[in-house]
Amino acid sequence: GNVGWVGFATAEGIKEMGKGQHLFTGILVEDYGDNMGDFEEAIVQAYKNGARGITFFTIGSLKDKHLEIIKEYNEKYNK
C-alpha cells in the first residue's frame with residue numbers, strides 16, 4: 001500500500017510547529033489490518049519526517065505482531 005502520506009503529513013505538520021513544539025504522528029492501527037509491512041513503513045515514515053513520537057489508535061486493536069514492531073522501533077528511535 002501507499003503509506004507515503006504518513007511521512008508527507010508529518011513533514012507538513014512539522015512545518016507548522018513553533019520553536020520548542022513537538023509533533024506526535026497518529027497511526028490508526030485498523031487501517032493496516034495484518035499488513036505488517038505497511039504498518040512498519042508508517043512508523044519509519046513518521047520518524048524520518050520529524051515526528052517526536054507516535055500515538056497508536058485504537059490500543060485494543062494492537063496484536064502481538066504490532067507490539068513486536070513497536071518495541072523494535074522504540075528501541076531504534078528512542079534511545
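Helix α1, residues 4-16, and α2 have axes that come within 8 Å of each other and cross at roughly 25°. Angles under 35 degrees count as roughly parallel, so α1 is roughly parallel to α2. The crossing of this pair is right-handed. On the α1 side, G4, V6, G7 and T10 make the contact, and they meet A42, Q45 and A46 of α2. By class, the residues of that contact are 3 nonpolar, 4 polar and no charged. I should say here that this is a predicted model.

Now the other partner of α2. The axes of α2 and α3 are 10 Å apart, and the helices pack at an angle of about 25°. That value makes α2 roughly parallel to α3 as well. Here too the crossing is right-handed. From α2 the contact uses M36, F39, E40, I43, V44 and Y47. From α3 it uses K65, H66, I69, I70, E72, Y73 and Y77. The class count for this contact is 9 nonpolar, 1 polar and 3 charged residues.

Next, the core. Which residues have the most contacts inside the largest nonpolar core? They are I27, Y32, F39, I43, I54 and F56, in a core of 20 residues. Three elements give two or more residues to the core: α2 (36-48), β2 (53-57) and α3 (64-77). Of these, α2 gives the most, with 7 residues. Two of the names just listed, F39 and I43, also sit in the contact of α2 with α3.

F56 is worth a look on the screen. Leaving aside residues up to four places away in sequence, F56 touches I27, V29, F39, I43, L62 and I70. Among these, I70 is one of the α3 residues in the contact with α2.

Moving along the chain, there is one backbone item to flag. The peptide bond from F57 to T58 is cis, with omega near -15°. T58 is found in the loop between β2 and α3.

K63 is found in that loop too, between β2 and α3. Is K63 buried or exposed? Neither: its relative accessible area is 42%, so K63 is partly exposed, given that buried means under 20% and exposed over 50%. Along the chain, K63 and G33 are 30 residues apart, and their C-alpha atoms are separated by 9.6 Å.

To recap the helices: α1 and α2 cross at roughly 25°, and α2 and α3 pack at about 25°. The α1 contact with α2 has no charged residues, whereas the α2 contact with α3 has 3.

Technical notes:
Residues numbered from 1 in each chain as written. Predicted model: local features only at pLDDT ≥ 70, side-chain atom pairs only at ≥ 80, totals over all residues. Heavy atoms only, no water. Core = buried A, V, L, I, M, F, W, Y, C linked by side-chain atoms within 4.5 Å. Buried < 20%, exposed > 50% of the residue type's maximum accessible area, 1.4 Å probe, protein only. Helix = DSSP H or I, 4+ residues; strand = E, 2+ residues; numbered from the N terminus. Contact = heavy atoms within 4.5 Å. Axes fitted to C-alpha atoms, helices over the stretch in contact; angles between N-to-C directions. Parallel < 35°, antiparallel > 145°, perpendicular 65-115°, else oblique. Left-handed = near helix turned anticlockwise from the far one by under 90°. Nonpolar A, V, L, I, M, F, W, Y, C, P; charged D, E, K, R; others polar.
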